[in-house]
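Biologist: I am new to this structure and would like a close look at a single part of it. Could you take one helix and go through how it sits among its surroundings?

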Amino acid sequence: MATKKMAIIATKGALDMAYPPLILASTAAALGWEVQIFFTFYGLALLRKDLSGIAISPLANPAMPMPVPMPVIVSVLPGMEAMATMMMKAKMKKKGVASLEELRDLCQEAEVKFVACQMTVDLFEFDKKDFVDGIEFGGAATFMKFAGETDVCLFI
Amino acid sequence: MNFDKEYDASGLACPLPIVKTKKALNDMTSGQVLKVVSTDPGSVCDMEAFAEQTGNALLESGSENSKFVFFLKKA
């Protein structure tokens, strides 16, 4: 059986959307697949050495399960985003869900290739020193080359 | 069943049982048996898929003390 390949484009940087690319990539790598993740736009946040800033907002997330029903007007109050983030992280820890750092380390250990979108880095004037080691920088064409050979290609 | 190594994934959620099982198998030699304990109900199907995809045989899949127990033989 030829090695399966998967490419993921990670475009989101909120706490809920940070998980899917890392979980899928680490699992596929554990199954012996060749995996690449192309991080672009807000997805670049997942490549920062310091992931503590990754948050989730209750605002405009009508599908978010809440312990009590929350009117939208409450979601905009100062501190609500921090509270939602803290509660979500606490729940994840309680339920044994891996932290983003751990999942990312598992990915890199399993040789999942991380490619950072050079254009987005330039656009937001990010400093490469803020990103983890072992990543490559490339553009859409770099991604397309690998994406064209994959069995599974996901846009997250 | 005899086993050469045990990995306890109790309390861990997807994808950790599978990803850590792969890591545990990396350090083993061909033919050795790994026992994995998990509390994640999803890991039952995941272990079957893992065995099928990687060629590491799933010798047994059952439960012990209300936890899920798997025996995998390294390919």
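Modeller: A residue is called buried here if 20 or more other C-beta atoms lie within 10 Å of its own, and exposed if 12 or fewer do. With that in hand, and keeping in mind that this is a predicted model, let us turn to helix H2 of chain B, which runs over residues 43-54. The buried residues of this helix are Ser43(B), Asp46(B), Met47(B) and Phe50(B). Seen down the axis of H2(B), these buried residues fall within an arc of 100°, so they line one face of the helix. The spacing behind such a pattern is a general one: an α-helix has 3.6 residues a turn, so residues three or four places apart point the same way. On the other side of H2(B), by contrast, Cys45(B) and Glu52(B) are exposed.

As for what the buried residues meet, they pack against helix H1 (16-26) and against three strands of chain B, namely S2 (33-38), S3 (57-64) and S4 (67-73). The length of the helix can be checked as well: at 1.5 Å a residue, its twelve residues should span 16 Å, and because the C-alpha atoms at its ends are 15 Å apart, the expected span and the model agree. Just after H2(B) comes Gly55(B), which takes a positive phi of about 80°. To sum up the part you asked about, H2(B) has a face lined by its buried residues, while Cys45(B) and Glu52(B) are exposed on the other side.

Terms used
Residues numbered from 1 in each chain as written. Chains lettered and ligands numbered in written order. Predicted model: local features only at pLDDT ≥ 70, side-chain atom pairs only at ≥ 80, totals over all residues. Helix = DSSP H or I, 4+ residues; strand = E, 2+ residues; numbered from the N terminus. Expected span 1.5 Å × (residues − 1). Arc of directions from axis to C-beta. Contact = placed C-beta atoms within 7 Å.
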